[in-house]
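Good morning, colleagues. I should like to take a few minutes to go through one protein model, from its overall make-up down to individual residues.

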Amino acid sequence: MLAKQSYRMCVCLLKVLKFLSVCVWLLTLSGTTFAHENGPVVNKVFVKQGSDVVLPCSINTKEDISGKLFDWRKNGQKEGQKEVKEVFLYVAGIHYNNGRPGQDEQFKGRVSHFQDQLENGNASVKIRNTKMADSGIYSCDFPDHEPRQTVYNELVVERTLKDRSGEIIGTCQEPYIRTLDQTKDWSLLQCEVRGASPQPKVEWKNSAGNILHAEQPQVLESGGSYDVTLNITVTKTDQYRCVATQEELSHQIYAKTFVFISGKLCEDQTTKEAAGWLGGFVLGAVVLAAVQALLVATKHITVNCNQGPCRQRDDYEAPPEKLPNSSLRTLPPC
C-alpha cells in the first residue's frame with residue numbers, strides 16, 4: 001500500500017515538473033515572438049538605425065511562390081486613425097522595383113526581396129538604411145492562398161547618435177569653444193552652438209565621458225533656429241568636450257579642448273620635493289648614526305688591545321746570555 005502511494009506521488013511530481021518546463025520554454029520564446037491580446041503572433045525584430053534589416057516571411061507549405069502574389073504593408077497610426085503604407089508588392093514577377101507603381105515614398109529604393117528563395121516559399125524582404133520612422137508593425141499577406149496566410153513582424157529601430165550635419169537640414173554645426181578667464185587654479189570655458197533646429201541639448205564632458213556640472217544654458221530663439229551658450233569652470237588638467245545632441249534628428253557632434261591647470265602641478269611638485277628632502281634627511285641621519293657607532297666600536301677595541309694585560313707564553317725561553325744568576329726570570333716584552 002505504501003509503495004503504491006509513493007509511486008503515485010512520483011508520477012504527480014513528474015507531471016508538475018513537465019508542466020513547469022513547458023512554461024519556461026514558452027517564456028524563453030517570448031523574447032522573439034509574442035501575441036497581441038486577442039491577436040496574431042508577432043515576430044519582433046531589432047536593428048540599429050542606419051543598418052539593413054531582413055523581415056522574415058515564409059508560406060507554411062514551403063511551395064514555390066514565384067508565380068503567386070504576396071503583399072508587404074506597414075500598419076501605423078496617424079491622427080488617431082489607422083494608416084497603411086505599401087512597402088513591397090509582388091505579383092507573379094512584377095513588383096515595385098521593376099516598374100510597378102503604388103509604393104509609399106518612405107520605402108522607395110530601399111526594399112528588395114530574395115528572388116532565388118521564392119521557389120522555397122520565402123517571401124522575406126530587406127529594408128536598407130533603416131530610419132526611426134521605419135519602426136512599427138509589418139504584415140506579409142498571401143491573399144490568394146487557401147487558407148489565407150498572414151505573417152506579422154514588429155520592427156524596432158534603435159536610435160544611433162552620430163554626426164549627420166551633412167545629411168539633414170537643421171542639424172547644428174561643430175560647437176565653438178573659447179576660454180573666458182583662467183588662473184593657476186581654474187579655467188572658465190564657454191561653448192557656443194548656433195543655428196540649430198530643433199533646439200539641441202548641450203553638455204560638457206571630461207576625457208572619461210562623464211557629464212560635468214555646468215552653469216544654466218543661455219538659449220536664444222529666432223525664427224525656429226536656436227543659439228545655445230554653456231559655460232563651465234574646471235579645476236583639473238584634462239581634455240574637455242562640448243557635446244551638442246539633437247535626438248529628433250539622431251544627430252550628435254562635439255568639439256574638444258585641452259586645459260592645463262598649473263597650480264595643481266605646482267602643489268604636486270612641491271609635495272614631491274618636500275618628501276624627497278625629508279627622505280634624504282632621514283637617510284643621512286641613519287647613515288651618520290651607523291658610522292658613529294662603527295667608529296666608537298673600533299676605538300673601544302683598539303684601546304682594550306693597547307691597555308690590556310700581556311701574558312707570558314708557556315713556550316718562551318730567555319737567551320742563555322741574559323739569564324740572571326738569581327732564581328728570578330725576566331718577563332719577555334709584549
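I shall begin with the whole chain, then turn to the sheets, the cores, two residues of one strand, and finally some points of backbone geometry.

Please keep in mind throughout that this is a predicted model. The protein has 334 residues, and 27% of them are buried. Its secondary structure consists of two helices and 17 strands. If we take the contacts with a separation of 6 or more, 58% of them are between residues 24 or more positions apart. The exposed surface of the protein comes to about 22,900 Å², and carbon and sulfur atoms supply 56% of that area.

Let me turn to the sheets. Strands of a sheet pair through backbone hydrogen bonds, and the pairing may be parallel or antiparallel. One open sheet here has four strands in the order β11-β12-β15-β14, with antiparallel pairing. The edges of this sheet are β11, residues 176-182, and β14, residues 218-222; each has a single partner strand, so one side of each is left without a neighbour in the sheet. From one strand to the next, the twist averages 15 degrees. Within this sheet, β11 and β12, the latter spanning residues 187-196, run antiparallel and are joined by six bridges. To give one pair, I177 has C191 in β12 as its bridge partner.

There is also an open sheet of three strands, in the order β13-β16-β17, and its pairing is antiparallel. Here β13, residues 201-205, and β17 are the edge strands; because each has a single partner strand, one side of each lacks a neighbour in the sheet. The twist in this sheet averages 15 degrees from one strand to the next.

How many bridges join β13 to β16? There are five, and the two strands run antiparallel. In this pairing, V202 stands opposite A244 in β16. On the other side of the order, β16, residues 238-246, pairs with β17, residues 251-259, over nine bridges in the antiparallel sense. There, D238 stands opposite V259 in β17. These two strands, β16 and β17, form a hairpin with four residues between them. I shall return to the turn of that hairpin shortly.

Next, the nonpolar cores. The largest contains 23 residues, of which F70, W72 and L155 touch the most other members. Several strands each supply at least two residues of this core, including β4 (69-78), β5 (81-91) and β10 (149-158). Another core, of 20 residues, lies apart from it; among its members are A196, V228, I232 and A244. A244 is thus both a member of this second core and the residue that stands opposite V202.

I now move to two residues of strand β5, namely V84 and E86. Is E86 buried or exposed? Its relative accessible area is 18%, so it counts as buried, the limit being under 20%. The side chain of E86 makes a polar contact of 3.1 Å with that of Y96. Beyond its neighbours within four places in sequence, E86 is in contact with D71, W72, R73, Y96, G102, Q103, D104 and F107. One of these, W72, belongs to the largest core.

V84, by contrast, is partly exposed, with a relative accessible area of 48%. Not counting residues up to four places away in sequence, V84 touches R73, K74 and N75. V84 and K74 are ten residues apart in sequence, and their C-alpha atoms are 5.6 Å apart.

Finally, the backbone. Most residues other than glycine have a negative phi, and most peptide bonds are trans. Which residues depart from this pattern? A92, although not a glycine, has a positive phi of about 50 degrees. A92 is in the loop between β5 and β6, and is partly exposed at 45% relative accessible area. S250, in the turn of the hairpin mentioned earlier, likewise has a positive phi, of about 55 degrees. S250 is buried, with a relative accessible area of 1%.

As for peptide bonds, the one joining E146 and P147 is cis, with omega about -5 degrees; P147 lies in the loop between β9 and β10. The bond from S197 to P198 is also cis, with omega near 5 degrees, and P198 is found in the loop between β12 and β13.

Terms used
Residues numbered from 1 in each chain as written. Predicted model: local features only at pLDDT ≥ 70, side-chain atom pairs only at ≥ 80, totals over all residues. Heavy atoms only, no water. Pairing = 2+ DSSP bridges. Axes fitted to C-alpha atoms, helices over the stretch in contact; angles between N-to-C directions. Core = buried A, V, L, I, M, F, W, Y, C linked by side-chain atoms within 4.5 Å. Buried < 20%, exposed > 50% of the residue type's maximum accessible area, 1.4 Å probe, protein only. Polar contact = N/O pair within 3.5 Å; in protein donor to acceptor, adjacent residues only side chain to side chain. Contact = heavy atoms within 4.5 Å. Areas by Shrake-Rupley, 256 points an atom, 1.4 Å probe, with all protein chains shown as cover.
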